[in-house]
Each structure stands twice: as C-alpha cells, then as structure tokens.
Amino acid sequence: MLQQTQVATVIPFFNRFLKRFPDVRTLAKARVDTVLHHWTGLGYYARARNLHRAAQIIQSEHAGIFPVCFDDVLALPGIGKSTAGAILSLAFHQSYPILDGNVRRVLTRFYAISGDVSSVKNQEKLWSLIQHLVPSKGGSAAAFNQAMMDIGATVCIRRKPKCLTCPIRSHCQARALGSADSLPTPRKSRVRLRRMITMVILFDPRGRVLLERRPSKGVWGGLWSFPECVLDADIEKWCESALGVSATFRHALPSIKHGLTHFMLEIHPALLTVSARDSDKLLSQDREWVRPEAVGKKGLPVPVKNILNQIDIQKNDPDR
DNA sequence: AACGCGGGGCA
DNA sequence: TGCCCAGCGTT
C-alpha cells in the first residue's frame with residue numbers, strides 16, 4: 001500500500017507499466033531485465049522481481065488465472081497476509097482484513113494502543129482486532145477495508161490528525177485521552193551512516209561504457225551498475241587486480257549523494273579508458289559494454305542513470 | 001534530515 | 001523467531 005500523497009506520482013508510472021505488461025502472460029514471459037527497466041526509479045527493486053516471479057507462478061501453476069484461495073495468494077512471492085487480504089477483499093469480495101500502515105495507525109489510536117507497533121505482542125493484538133472487526137460479508141469487507149485505509153490516509157494521518165472531522169471520533173480512545181498526536185509510539189530512530197565509494201566507469205576505444213549486473217540480493221538487487229571500489233584505492237591498480245585489465249585514468253566527475261535506507265551513499269565517479277586488447281576480457285553474462293545513450297532495456301539505479309545521461313551530454317557538447 | 005512503507009531472508 | 005534490510009516521497 002502506498003501513502004495517499006504518493007499515489008498521484010505513482011499512477012502515471014503504473015499506467016506505463018500496465019501498457020507494457022497488460023496481463024500475467026506478458027509479464028511472465030518478459031525478461032527480468034525488461035521488468036526492472038520499467039521499474040527504474042521506483043525503488044524497492046525486489047518488488048519488481050517478486051512481481052515477475054509471481055506472474056510466472058500464476059502462469060505455470062494456476063493456468064494463468066489469478067488464484068482466489070487465500071493460501072495460494074499468500075504463497076506468491078512478495079505477498080504477505082495484508083496484501084493477500086487486500087487482493088481477496090477488494091478484487092474478489094471475500095472477507096479478509098487489511099492491516100497496512102494506515103489501518104495500523106487508525107487502530108492504535110482508536111484503541112489507544114501504546115508501545116512499539118511492530119512488537120510481536122502488538123502485531124498479534126492488531127491482527128486479532130482487525131480480524132474481529134472486518135465484516136463477514138465479502139462486499140462489506142471490501143467497503144470496510146477501503147474505509148479504514150481512507151480514514152488513515154486522509155484523516156487519521158501520522159502528524160496532526162484531523163480528529164475534528166473524523167467520522168469515528170466519538171468512540172476513539174486516543175481522542176478521549178488526548179493522545180492521538182503521540183500515537184502510534186514512534187520507533188527509535190537509527191543512525192544513518194555515510195558510505196563513500198568510487199564508481200569505476202570504464203570506456204572502451206569505441207566509447208562504450210562497462211555495466212555489470214549487481215547480485216540479486218542487497219542494494220539495487222539485479223540492477224545494472226558500474227564496478228565499484230573503495231574511495232581511496234588506486235583505481236588503475238584496482239582495475240588490474242580486480243578486473244584483470246589495464247586502464248588509464250581520464251578524469252573524475254563531481255560526487256553525488258544518494259540516500260538509501262540505512263546509509264547515505266557518496267558516489268565518486270571516475271572515468272577510465274581500457275586498452276583495446278583488454279576490452280573483450282571483461283565480457284561475461286553479467287558484464288556488458290553499452291553505449292551511454294543506448295543502454296537498452298536494463299534496470300538502472302537512479303544515480304547510474306544520471307551519470308550515463310551526464311556522460312552522454314558531455315560527449316555531445318562541442319565545448320568539452 | 002527524519003520517517004515509514006509490507007514483506008523476505010537469515011541468524 | 002526476531003532481527004535487519006531496501007529506495008523513494010513526504011514532511
């Protein structure tokens with residue numbers, strides 16, 4: 001589920017995504033690179049991979065028809081209890097609850113539940129509450145779930161909730177106690193560290209750059225990016241030892257700051273040229289020489305996409 | 001600059 | 001089973 005305010009920016013994206021992958025079959029048979037390409041900039045790239053895998057499972061195990069049994073939906077990658085409930089109640093009018101961030105906030109205020117929302121105890125409490133609250137009639141469950149999410153998204157918002165216009169204010173315990181503003185109990189924040197890396201941007205004699213596919217787990221999983229080395233490394237030596245090629249340093253681009261969940265990444269792009277005899281050595285299934293202006297259907301992290309654009313602009317700028 | 005999202009993966 | 005993780009938009 002997305003925050004209400006994010007929906008407007010995401011809708012054009014989904015329209016494009018749906019145009020490219022209009023049905024399960026199209027998505028299932030697409031290459032994962034193509035799917036990631038159309039997901040570029042949205043973040044949480046594991047979601048795109050899960051969506052793709054789910055389509056393949058629906059295609060192979062459910063004859064291309066989206067399953068309507070809770071356990072089958074839950075078994076799809078990327079779908080947990082809440083999302084399964086959302087699909088079955090909203091799309092198929094079955095009686096299952098949704099417990100997303102919005103609903104969770106409404107409940108913790110309505111019942112004045114304090115303490116860490118994500119603790120096992122509170123999770124059980126919230127699931128138990130919402131399971132008892134959801135109407136047993138499927139059509140009513142859909143309306144109820146939608147209403148709960150709408151209240152959370154528009155009235156019972158995280159900061160400065162609009163209690164005065166809330167349709168369920170008369171029975172809200174947090175409002176009675178005057179504690180709506182301080183619930184849900186904020187989780188303790190973590191320090192976000194800073195990490196600095198060098199992105200090694202290798203050019204071959206034909207002006208193409210080297211991209212490599214990142215591991216499917218971790219940051220930018222499955223996306224294509226530049227090789228990386230630690231900031232204070234001798235980059236030419238690093239190319240020799242890590243990549244087995246001789247490369248000549250050309251120049252550096254201004255550093256880029258990019259925020260990720262648990263750290264702030266400071267990227268220092270360095271441009272190098274690989275000798276003609278070595279450029280073929282780098283080719284593999286997960287490494288490709290690409291023209292900066294024609295990367296093709298690959299998923300790219302936002303900063304990598306920006307760097308490629310920048311390189312392309314510089315190349316076509318006669319002043320450079 | 002801080003925060004939260006719904007779920008997966010790994011001790 | 002409890003924890004840690006992701007990339008973006010909003011505030």
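This is a guided tour of a predicted model, moving from the DNA to the helices and then to some unusual backbone positions.

**The DNA strand**

Begin by selecting DNA strand C together with the protein around it, where 18 residues surround the strand and the closest are G41, G43, V219, W220 and T261. Of the atoms of DNA strand C that come within 4 Å of the protein, sugar and phosphate account for 62%. If you colour the surrounding surface by residue class, you will find 8 nonpolar, 8 polar and 2 charged residues near DNA strand C.

Now look at individual polar atoms along this surface. At W220, a polar backbone atom is 2.9 Å from a phosphate oxygen of DNA strand C, and at H258 an N or O atom of the side chain is 3.0 Å from a phosphate oxygen of the strand. Select R159 next, where a polar side-chain atom lies 3.2 Å from a sugar or linking oxygen of DNA strand C.

**From G41 back to helix α3**

Return to G41, one of the closest residues to DNA strand C, and notice that G41 follows α3 and has a positive phi, near 90°. Helix α3 itself covers residues 32–39 and is mostly covered, since 6 of its 8 residues are buried. To see them, select D33, T34, V35, L36, H38 and W39, which are the buried residues in α3.

**Helix α6 and its partners**

Move on to helix α6, residues 81–90, and select S82, A84, G85, A86, L88 and S89, which are buried. Showing α5 (70–74), α8 and α9 (138–155) alongside will reveal what the buried residues of α6 pack against.

**Where α7 crosses α8**

Keep α8 (residues 120–133) in view and add α7 (residues 101–110): the two helices pack at an angle of about 95°, with their axes 11 Å apart. Because angles of 65 to 115 degrees count as roughly perpendicular, α7 and α8 are described as roughly perpendicular to each other. For the side of α7, select V103, R104, L107 and T108, which meet Q123, L126, L129, I130 and L133 in α8. Sorted by class, this contact of α7 with α8 has 6 nonpolar, 2 polar and 1 charged residues.

**A buried serine in β3**

Select S225 next, which is placed in strand β3, residues 224–225. Is S225 buried or exposed? With a relative accessible area of 0%, S225 is buried. Once neighbours within four places in sequence are left aside, the residues in contact with S225 are M199, L210, L211, E212, R214 and V304.

**Three backbone positions in loops**

The last stops concern the backbone, and it helps to know beforehand that most residues other than glycine have a negative phi, and that most peptide bonds are trans.

Go to the loop between α4 (45–61) and α5, where A63 is found. Although A63 is not a glycine, its phi is positive, about 55°, and at 66% relative accessibility A63 counts as exposed.

Then select K160, in the loop between α9 and α10, which also has a positive phi, near 50°, in a residue other than glycine. With a relative accessibility of 68%, K160 counts as exposed.

Finish in the loop between α10 (173–177) and β1 (193–203), where P184 is found. Which form does the peptide bond from L183 to P184 take? The bond from L183 to P184 is cis, and its omega is near -10°.

How values were computed. Residues are numbered from 1 along each chain as its sequence is written. Chains are lettered from A and ligands numbered from 1 in the order in which they are written. This is a predicted model: local features need pLDDT of at least 70, side-chain atom pairs count only at pLDDT 80 or more; totals for chains, interfaces and linings use all residues. Side-chain values use heavy atoms; hydrogens and water are left out. Axes are lines fitted to C-alpha atoms, for helices over the stretch in contact, and angles run from 0 to 180 degrees between N-to-C directions. Helices (H or I, at least four residues) and strands (E, at least two) are DSSP runs, numbered from the N terminus. Angles under 35 degrees count as roughly parallel, over 145 as roughly antiparallel, 65 to 115 as roughly perpendicular and the rest as oblique. Contact means heavy atoms within 4.5 Å. Ala, Val, Leu, Ile, Met, Phe, Trp, Tyr, Cys and Pro count as nonpolar, Asp, Glu, Lys and Arg as charged, and the others, Gly among them, as polar. A residue is near a molecule or strand if one of its heavy atoms lies within 4 Å of it. A polar contact is a pair of N or O atoms within 3.5 Å; within protein, one must be able to donate a hydrogen and the other to accept it, and residues adjacent in sequence count only if both atoms are side-chain atoms. Buried means under 20% relative accessible area, exposed over 50%, partly exposed in between (1.4 Å probe, protein chains only).
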